[in-house]
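I am keeping these notes for a reader who is new to this structure. I start from a single residue and then work outward to the whole chain.

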Amino acid sequence: MQRVKAFESLRGLLAVWVIAYHACLTAGMHAETWPFPFSLLGKGDYAVDMFIILSGFVIFALLDNSRETYGIFIIRRAFRLYPVYLVCLAVSMALMPLFISTLKALPWWHPSTLIRLKNLSDSIHYFWPQLILHLTLLHGLVPGVVLPSTDYAFIGQAWSISLEWQFYLVAPLYYKWISERNFSRVLLLSFALILMWYFVPAGIAFLPKSAYLFFVGITAYFGYRFAVRQKALLTQSASLIITLPILFATLTSSVPLILFALIYSLVLGTVLMPRNGIISAVSRFFEGGSLLYLGRISYCLYLTHMIFIYVCAHFLTFVFQNHLSHPSQWVFFATLFLSALAGTLLVSALLSQYVEYPLLNFGKRITAK
């Protein structure tokens, strides 16, 4: 089954959304109070939720098409996550003093600024336990009452990378049991995740807390696979089928699910209604070369962007406090976002070309042997 280009482009757009969100927080902007749709800039967690849904879809598509053994799957996924992550972790650790001084000197503060300062302080105070856990990518398994700020230590957005790694560890089992129609084991593991979600006092990076989002992506994958395989039978009811995801998502009142359903319905439409003018036009937009490239480097964008937000904020704060008599918060935010985005794009392109994909391909070669 071919890759879904719209989802690849969507990942790039979601990465830019997260960058804008963190630029808002750093500039002290309360974007969540802005008129819709600009208020979405203050809801970066929506973008991350959609990342998680996409991961459920993509990983089950990979398992379904490659039929790899558990060991090969884990090795390849490790080569997917670790190289860029370790580079960003090392750089973030080295720049922590700069991050702390930058946050303290910001001309405008958001309530999250104090939380970031505490996360960085706990990263230093509990340095070795935090480092060991982050090197294993299992820091999301440890509750904050055991190790403070463990979800967000060193490199805050890496909480979702730990979540992703936990999903990788169990996804092949789920796929195997679903393929074998061993639904008793599927239900048993699902029930165990629900119990852990309810009783374990863990943070946002603990897999059971976000498992339902992965399940949405998994369900979406099997629905897409069914549409591809039964295309001839479903063509006559295509209009109804592509509206059902939007209807169900709307009933949940979940903004991330609604936004994902809109793109998912487009993907189904390209399969079942390829000659529809509106669907074709929107599809061409998402399949444009620039957006596809943005999606290709989205992992690097996501992991590197906070480094550039802090560095750019450091220099902008100096300029605004020492050379401007009446600094504008809007100018500070716009300059911060654009400069951080430019730096992130440049370095992500280099990391993608010289670190991410070469080592990903190396992982494929050694497992092929």
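Which residues does L259 touch, not counting residues up to four places away in sequence? I looked this up in what is a predicted model, and found that L259 touches W17 and M50 once those sequence neighbours are set aside.

**Entry on L259.** I placed L259 in helix α12, which runs over residues 255–272. I then asked whether L259 is buried or exposed. With a relative accessible area of 22%, L259 counts as partly exposed, because buried would require a value under 20%. I also checked L259 against A15, which is 244 residues away along the chain, and noted that their C-alpha atoms are separated by 15 Å.

**Entry on P129.** I found P129 in helix α6, made up of residues 127–136. Its relative accessible area is 42%, so P129 is partly exposed, given that exposed begins over 50%. For a distance I took L147, which is 18 residues from P129 along the chain, and the two C-alpha atoms are separated by 8.0 Å.

**Entry on the nonpolar core.** Which residues of the largest nonpolar core touch the most other members? I noted F7, F60, Y85 and F167, out of the 117 residues that this core contains. Helix α15, covering residues 298–323, gives the most to the core, with 14 residues. I followed F7 further and, leaving out residues up to four places away in sequence, listed its contacts as L54, F57, F260, I263, Y264 and V267.

**Entry on the whole chain.** How many helices and strands does the protein chain have? I counted 16 helices and zero strands. The radius of gyration is 21 Å, close to the 21 Å that the globule rule gives for 369 residues, so the protein chain is as compact as a globular protein of that length. Along its principal axes, I noted that the C-alpha trace spans about 70 × 45 × 40 Å. Of the contacts with a separation of 6 or more, 75% are accounted for by residues 24 or more positions apart.

**Entry on surface and charge.** Buried residues make up 52% of the 369 residues in the protein chain. I recorded an accessible surface of about 17600 Å² for the protein chain, with 69% of this area belonging to carbon and sulfur atoms. Last, I looked up the charged side chains, which are 24 positive and 12 negative, and wrote down that the centres of the two sets lie 8 Å apart.

Notes
Residues numbered from 1 in each chain as written. Predicted model: local features only at pLDDT ≥ 70, side-chain atom pairs only at ≥ 80, totals over all residues. Heavy atoms only, no water. Core = buried A, V, L, I, M, F, W, Y, C linked by side-chain atoms within 4.5 Å. Buried < 20%, exposed > 50% of the residue type's maximum accessible area, 1.4 Å probe, protein only. Helix = DSSP H or I, 4+ residues; strand = E, 2+ residues; numbered from the N terminus. Contact = heavy atoms within 4.5 Å. Rg over C-alpha atoms; globule rule 2.2 N^0.38 Å. Areas by Shrake-Rupley, 256 points an atom, 1.4 Å probe, with all protein chains shown as cover. Lys, Arg positive; Asp, Glu negative; His and termini not counted. Charge placed at Lys NZ, Arg CZ, Asp CG, Glu CD.
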